[in-house]
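Subject: Structure handover

Hello,

Here is the structure I promised to pass on to you. Please have a look at it before you read my notes.

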Amino acid sequence: MTIEAEKHGDLRRRIAELGPWFHNLRIEGIETAPDHFLGDYPSFKWRHFKDVVPADLKGWSVLDIGCNAGFYSLEMKRRNADRVVAIDTDPHYLRQAEFVAAQSGVDIELRQMSVYDIAQLKEKFDLVIFMGVLYHLRHPLLALDLLREHVVRDLMLFQCMQRGAETIPELANDYDFSERSIFDRPDYPKLFFIESRYAGDPTNWFIPNKAAAEAMLRSAGFTILQNPEPEVYLLGCGERDYAIEIPSILSGSNSG
């Protein structure tokens, strides 16, 4: 066996030891999750909306929330982002991300932290990535309010699983207390609550239809700039709903 083949075998063993992987990454030609049930995930999705992110992020700071094994963090470093901070609550995923960053020779700041603790960062970022997280949260609107208040300076790349109607209704700003039929419309903004599991995952809590996803974003003070593919949005900062109580207290839970 050649030295090169031995190194390749060691790398393959290390990748296996760090499994299971949810991100299918390629490390020196070795795929981390070649049998992923979604296919070549998240690469195949990224190809559909990658052009909404500037090709050169020189001078930019990026926060990747729920970074998993670091696919999007790595892509931001490939686009010359000066600084990438990646957070996740799961130490298993952070070990994977640390390994991937080391193998790729890039500097990614990894922290074990919940989205509810982001005020502790005491910093706003040029781009925040919040992909595939919202439906795993017990308090999704609180998370959006915290993001808008504490870490999003200009732009946020957002994705959330959606189910139900995909159309956007035309709604009045107010309805009389006696109005009930509006809530029977399939396209009325709805959050489906998952009491037990969905897709075998006990952390799938709230799944919005398209109208609810967009309404929640607007309510929290985000402006939809682009919707390059279903479930994915590039957001800017706009005006919050007048009735929002702005979160300002630093949380101490789930931080590392």
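Below is what I found in it, beginning with the overall picture and moving on to salt bridges and cysteines.

Please keep in mind that this is a predicted model.

**Overall picture**

The protein has 6 helices and 11 strands. Its radius of gyration is 20 Å, close to the 18 Å that the globule rule gives for 256 residues, so the protein is as compact as a globular protein of that length. If you want to set up a box, the C-alpha atoms fill one of roughly 80 × 35 × 35 Å along the principal axes.

Of the 256 residues, 47% count as buried. The accessible surface comes to about 13600 Å², and carbon and sulfur atoms own 49% of that surface. As for contacts with a separation of 6 or more, 62% of them are between residues 24 or more positions apart.

**Salt bridges**

How many salt bridges are there? The count comes to 15. Three of the pairs are described here, in order along the chain.

One of them joins the side chains of aspartate 40 and arginine 26, with an N to O distance of 3.0 Å. Arginine 26 belongs to strand S1 (residues 26-27), while aspartate 40 sits in the loop between strand S2 (30-31) and helix H2 (43-49), so this pair ties together parts that are 14 residues apart in sequence. Arginine 26 counts as partly exposed, because its relative accessibility is 44%.

Another salt bridge is formed by lysine 58 and aspartate 82, whose closest N and O atoms are 3.9 Å apart; the cut-off is 4 Å, so this pair is counted. Lysine 58 is found in the loop between H2 and strand S3 (61-65), and aspartate 82 in the loop between helix H3 (71-78) and strand S4 (83-88), so the bridge ties together parts that are 24 residues apart in sequence. Are the two partners buried or exposed? Lysine 58 counts as exposed at 60% relative accessibility, whereas aspartate 82, at 43%, counts as partly exposed.

Then there is the pair of glutamate 123 and arginine 83, whose side chains meet at 2.4 Å, N to O. This bridge links distant parts of the chain, 40 residues apart: arginine 83 is in strand S4, and glutamate 123 is in the loop between strand S5 (109-112) and strand S6 (125-131). Glutamate 123 is partly exposed, with a relative accessible area of 25%, and arginine 83 is likewise partly exposed, at 24%. The pair also belongs to a network: salt bridges that share partners join Arg83, Glu109, Arg111 and Glu123.

**Cysteines**

How many disulfides does the structure hold? The number is 0. Why is cysteine 67 not bonded to cysteine 160? The closest cysteine sulfur to that of cysteine 67 is the one in cysteine 160, and it is 18 Å away, which is too far for a bond. A disulfide needs the two sulfur atoms within 2.5 Å, so a separation of this kind rules it out. Seen from the other side, the closest cysteine sulfur to cysteine 160 is that of cysteine 67. Both residues are buried: cysteine 67 has a relative accessible area of 1%, and cysteine 160 has one of 0%.

Best wishes

Technical notes:
Residues numbered from 1 in each chain as written. Predicted model: local features only at pLDDT ≥ 70, side-chain atom pairs only at ≥ 80, totals over all residues. Heavy atoms only, no water. Helix = DSSP H or I, 4+ residues; strand = E, 2+ residues; numbered from the N terminus. Buried < 20%, exposed > 50% of the residue type's maximum accessible area, 1.4 Å probe, protein only. Rg over C-alpha atoms; globule rule 2.2 N^0.38 Å. Contact = heavy atoms within 4.5 Å. Areas by Shrake-Rupley, 256 points an atom, 1.4 Å probe, with all protein chains shown as cover.
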